Amino acid sequence: MVDCYENLFMALLKYALENKMITEIPTTPKERVLIMKQAFKEQEIHDNADLYLLLKAMLKANYSKENEYRRHVAMRAIIAGREEIININIISQYYEFLTSFFHLVDNMRKGTYALGTGTLIGDGTQETTDEDNPNNPYWAKVKAMKEEADMEIARDKEIRERIRQEKQQREFVRQKN
């Protein structure tokens, strides 16, 4: 997903360069995201740039794995002082956002999407793309999925602990007999 985002951002920046929205394409990924956010005011572009930065940070972070080879597999990391969780449901949602973003970029390159026709930053509907913004449905939905993932993981741990205790009890009874 990170590589796909980098290629999509490069396509957007080339589009911006061709249309004289920017003067040059930066060399580092972080600079590319910043200049892209300045050149494009569409909310979807900003949201996907934030998601890209989160995914990159997750890959670089010292993450832990939970429930490997199970339905509730999860990846946890502390990013900017906050615990982030990615599980199957969350990554599926991220994939849907990426697919939608791909179609937006593809339509821009084809000329079938007019800039400024989507939700814009600062047009009164959403103030920022920040994850803490309660008006941003994108991050609110992801937050709800992360809370659900926490509950599923806690339930799985409880079940494993109960199974472990039952095994110990059976072993104790077996040894006693």
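This is a short talk on the fold of one chain, from the overall layout down to single residues.

Good morning. One caution before we start: the model is predicted.

Let's begin with the whole chain. There are 177 residues, and buried ones make up 37% of them. The secondary structure comes to five helices and three strands. Read from the N terminus, the order is α-α-α-β-β-β-α-α. The accessible surface is about 11,100 Å². Carbon and sulfur atoms account for 52% of that surface. Now contacts. Take those between residues at least 6 apart in sequence: 61% of them join residues at least 24 apart.

Next, the sheet. How are the three strands ordered? The order is β1-β2-β3, in an open sheet with antiparallel pairing. The edges are β1, residues 64-66, and β3, residues 82-87. Each edge strand pairs on one side only. On average, neighbouring strands are turned by 25° against each other, ignoring direction. As background, strands of a sheet pair through backbone hydrogen bonds, either parallel or antiparallel.

Let's go through the pairings. β1 and β2 run antiparallel, with three bridges between them. β2 covers residues 74-79. Serine 64 has arginine 76 as its bridge partner in β2. Lysine 65 is bridged to methionine 75, also in β2. Methionine 75 has a neighbour in β3 too: isoleucine 86 stands opposite.

On to the other pairing. How many bridges join β2 to β3? Six, and these strands are antiparallel as well. One of the pairs is alanine 77 with glutamate 84 in β3. β2 is mostly covered, with five of its six residues buried.

The connection between β2 and β3 is a hairpin with two residues between the strands. Look at alanine 80 in that turn. Its phi is positive, about 55°, and it is not a glycine. Is alanine 80 buried or exposed? Exposed, because its relative accessibility is 83% and the cut-off is over 50%.

There is another residue of this kind. Lysine 20 also has a positive phi of about 55°, again without being a glycine. Where does lysine 20 sit? In the loop between α1, residues 2-18, and α2, residues 29-39. Lysine 20 counts as exposed because its relative accessibility is 72%. If you are checking backbone torsions, those are two residues to look up.

Now a side chain on the edge strand. Glutamate 66 belongs to β1. Why does glutamate 66 count as buried? Because its relative accessibility is 14%, and buried means under 20%. What does its side chain meet? There is a polar contact of 2.9 Å with the side chain of arginine 76. Arginine 76 is the residue we met as the bridge partner of serine 64. Leaving out residues up to four places away in sequence, glutamate 66 touches His72, Val73, Ala74, Arg76, Ile153 and Lys157.

Let's turn to the helix on the sheet. Which helix is it? α3, residues 43-60, packs there and touches β2 and β3. Its direction makes about 95° with that of β2. α3 has 18 residues. From first C-alpha to last, α3 reaches 26 Å, close to the 26 Å expected at 1.5 Å a residue.

Which residues of α3 are buried? Starting from the N-terminal end, Gln43, Ile45, His46, Asp47, Asn48, Ala49 and Asp50. Then Leu51, Tyr52, Leu54, Leu55 and Met58. Charged and polar names are on that list, including Asp47, Asn48 and Asp50. A general reminder here: an α-helix has 3.6 residues a turn, so residues three or four places apart point the same way.

Keep Asn48 in view for the last item. Tyrosine 94 is in helix α4, residues 88-110. Tyrosine 94 counts as buried, because its relative accessibility is 0%. How far is tyrosine 94 from asparagine 48? The two are 46 residues apart in sequence, and 9.1 Å apart in space from C-alpha to C-alpha.

To recap. The sheet is open and antiparallel, ordered β1-β2-β3. α3 packs on it, touching β2 and β3. Glutamate 66 makes its polar contact with arginine 76. And tyrosine 94 is buried in the model. Thank you.

Technical notes. Residues numbered from 1 in each chain as written. Predicted model: local features only at pLDDT ≥ 70, side-chain atom pairs only at ≥ 80, totals over all residues. Heavy atoms only, no water. Pairing = 2+ DSSP bridges. Helix = DSSP H or I, 4+ residues; strand = E, 2+ residues; numbered from the N terminus. Axes fitted to C-alpha atoms, helices over the stretch in contact; angles between N-to-C directions. Contact = heavy atoms within 4.5 Å. Expected span 1.5 Å × (residues − 1). Buried < 20%, exposed > 50% of the residue type's maximum accessible area, 1.4 Å probe, protein only. Polar contact = N/O pair within 3.5 Å; in protein donor to acceptor, adjacent residues only side chain to side chain. Areas by Shrake-Rupley, 256 points an atom, 1.4 Å probe, with all protein chains shown as cover.
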